[in-house]
Amino acid sequence: MTPELTERITTLYPALLSLPSAELSGGLGTDAQLFHFPANRLIFDEGAPCQGFPMVLSGGIRVARGAPSGRRLELYRVTAGELCVVSTSCLFGQTPLSAHGQTTAATDLVLLSPQGFERWCQHPAFRRYVWGVMADRLADLVELAEAIAFQRLDQRLAHALLGRSNPITATHQELADQLGTVRETVSRLLRRFESLGWVRVSRERTEVIDAVGLRSAAQGPKDT
């Protein structure tokens with residue numbers, strides 16, 4: 001790795017500076033590779049062995065679970081400076097990957113080999129950093145599980161729309177993957193939201209025109 005690239009990595013992942021300088025430079029010099037991926041490229045798949053510890057420099061990765069029926073559920077996204085919990089847990093447990101990852105845009109990442117990751121984890125400060133991130137992500141996944149179990153789909157869709165920049169350029173399939181449902185259901189709910197005057201729907205574009213009404217839908221029916 002060049003000094004410029006090393007500085008870029010440590011700026012995005014400052015916890016790496018807790019490593020001894022020789023360990024950091026050695027790991028990046030001999031155990032890491034830089035990869036460039038186009039948008040919508042599958043970079044790891046369910047059931048495959050984990051190839052290493054990814055550190056995203058630009059772009060992003062959508063991590064999701066799939067079912068034989070073709071339905072998918074987006075678990076989380078990894079952007080620059082963030083960690084992929086699925087990859088990390090597989091490295092710790094030496095198990096196959098439990099989800100797949102696909103780039104959301106042109107993406108640059110550095111992949112540290114499993115051997116390099118194991119050596120870095122021998123240093124307590126780096127290990128605490130990784131475990132801390134995994135704990136935060138676990139809380140997000142618990143929140144996702146609660147939403148799936150206890151919230152209606154129209155609530156979750158309204159919440160997902162409010163959580164994106166307006167207008168929303170995600171396709172109906174992308175929204176369906178985020179919610180763990182099928183495209184037809186999302187399209188039907190969007191048409192209902194449009195009939196209520198909350199959104200305006202066109203091809204690959206949804207515009208929120210009544211955020212108050214949509215927020216009411218996200219909160220769900222009031223208890224009586």
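## Exercises on a predicted fold

Pro-167 is found in the loop between helix 6 and helix 7, and the exercises below start from that loop in what is a predicted model.

**Exercise 1. Backbone geometry in the loops**

Task: Determine what form the peptide bond from Asn-166 to Pro-167 takes, and where the non-glycine residues Asn-40 and Gln-94 are placed in the fold.

Solution: Begin with the general expectation, which is that most peptide bonds are trans and that most residues other than glycine have a negative phi. Against this background, the bond leading from Asn-166 into Pro-167 is cis, its omega being near 5°. Next, turn to phi: Asn-40 has a positive value, near 65°, without being a glycine, and this residue lies in the loop between strand 1 (32–37) and strand 2 (42–44). Gln-94 likewise is not a glycine and has a positive phi of about 50°, and its place is in the loop between helix 3 (85–93) and strand 6. Finally, consider accessibility: Gln-94 counts as exposed because its relative accessibility is 71%, and the cut-off for exposed is over 50%.

**Exercise 2. Helix 7 and the turn that follows**

Task: Identify which residues of helix 7 are buried, what covers them, and whether Thr-181 is buried or exposed.

Solution: First, helix 7 runs over residues 172–179, and its buried residues are His-172, Leu-175, Ala-176, Asp-177 and Leu-179. To read this pattern, recall that an α-helix has 3.6 residues a turn, so residues three or four places apart point the same way. Second, look for the elements packed over these positions, which include strand 5 (72–79), helix 6 (153–162), helix 8 (183–195) and strand 8 (199–202). Third, follow the chain out of the helix, where Gly-180, just after helix 7, takes a positive phi of about 75°. Thr-181 belongs to the loop between helix 7 and helix 8, and this threonine is buried because its relative accessible area is 9%, which is under the 20% limit. When neighbours within four places in sequence are set aside, Thr-181 is in contact with Arg-71, Arg-72, Leu-153, Ala-176 and Val-186.

**Exercise 3. His-100 and the enclosed space beside it**

Task: Establish in which element His-100 lies, with which side chain the side chain of His-100 makes a polar contact, and which residues line the largest cavity.

Solution: The starting point is strand 6 (residues 100–103), in which His-100 lies. With a relative accessible area of 11%, His-100 is buried, and its side chain makes a polar contact, at 3.1 Å, with the side chain of Glu-46. Leaving aside neighbours within four places in sequence, its contacts include Leu-42, Phe-44 and Asp-45, as well as Arg-62, Val-63, Ala-64 and Arg-72. For the empty space, note that rolling a probe the size of a water molecule over the atoms shows where such space is left. The structure holds one cavity of 30 Å³ or more, and the largest cavity contains about 40 Å³. Its lining consists of Arg-62, Ala-64, Arg-72, His-100, Gln-102 and Asp-177, with strand 4 (60–66) and strand 6 each supplying at least two of the lining residues. By class, this lining has one nonpolar, two polar and three charged residues.

**Exercise 4. The largest pocket**

Task: Describe how many residues line the largest pocket and which of them lie nearest its centre.

Solution: The volume of the largest pocket is about 710 Å³. Its lining comprises 19 residues, and those nearest the centre are Glu-143, Leu-144, His-159, Ala-160 and Gln-178. Tracing the lining back to the fold, strand 5, helix 5 (124–150), helix 6 and helix 7 are each found to supply at least two residues. Sorted by class, the lining has six nonpolar, five polar and eight charged residues.

**Exercise 5. The nonpolar cores**

Task: Find which residues have the most contacts inside the largest nonpolar core, and with which residues Phe-126 is in contact.

Solution: In soluble globular proteins, nonpolar side chains tend to be buried together. Here the largest nonpolar core has 37 residues, and Ile-9, Leu-16, Met-55, Val-63, Val-86, Trp-120 and Phe-126 have the most contacts inside it. Beyond neighbours within four places in sequence, Phe-126 is in contact with Leu-16, Ser-18, Leu-19, Phe-53, Phe-117, Trp-120 and Cys-121. Apart from this core lies another, of 19 residues, including Ile-168, Leu-179, Val-186 and Ala-217. As a last step, place the cores in the whole protein, where buried residues make up 42% of the 224 residues.

Key. Residues numbered from 1 in each chain as written. Predicted model: local features only at pLDDT ≥ 70, side-chain atom pairs only at ≥ 80, totals over all residues. Heavy atoms only, no water. Core = buried A, V, L, I, M, F, W, Y, C linked by side-chain atoms within 4.5 Å. Buried < 20%, exposed > 50% of the residue type's maximum accessible area, 1.4 Å probe, protein only. Contact = heavy atoms within 4.5 Å. Helix = DSSP H or I, 4+ residues; strand = E, 2+ residues; numbered from the N terminus. Polar contact = N/O pair within 3.5 Å; in protein donor to acceptor, adjacent residues only side chain to side chain. 1 Å grid on protein atoms, 1.4 Å probe; cavity = no way out; pocket = protein on both sides within 12 Å on 5 of 7 lines; lining within 4 Å. Points joined across faces, edges and corners; volume = space filled by probe spheres on them. Nonpolar A, V, L, I, M, F, W, Y, C, P; charged D, E, K, R; others polar.
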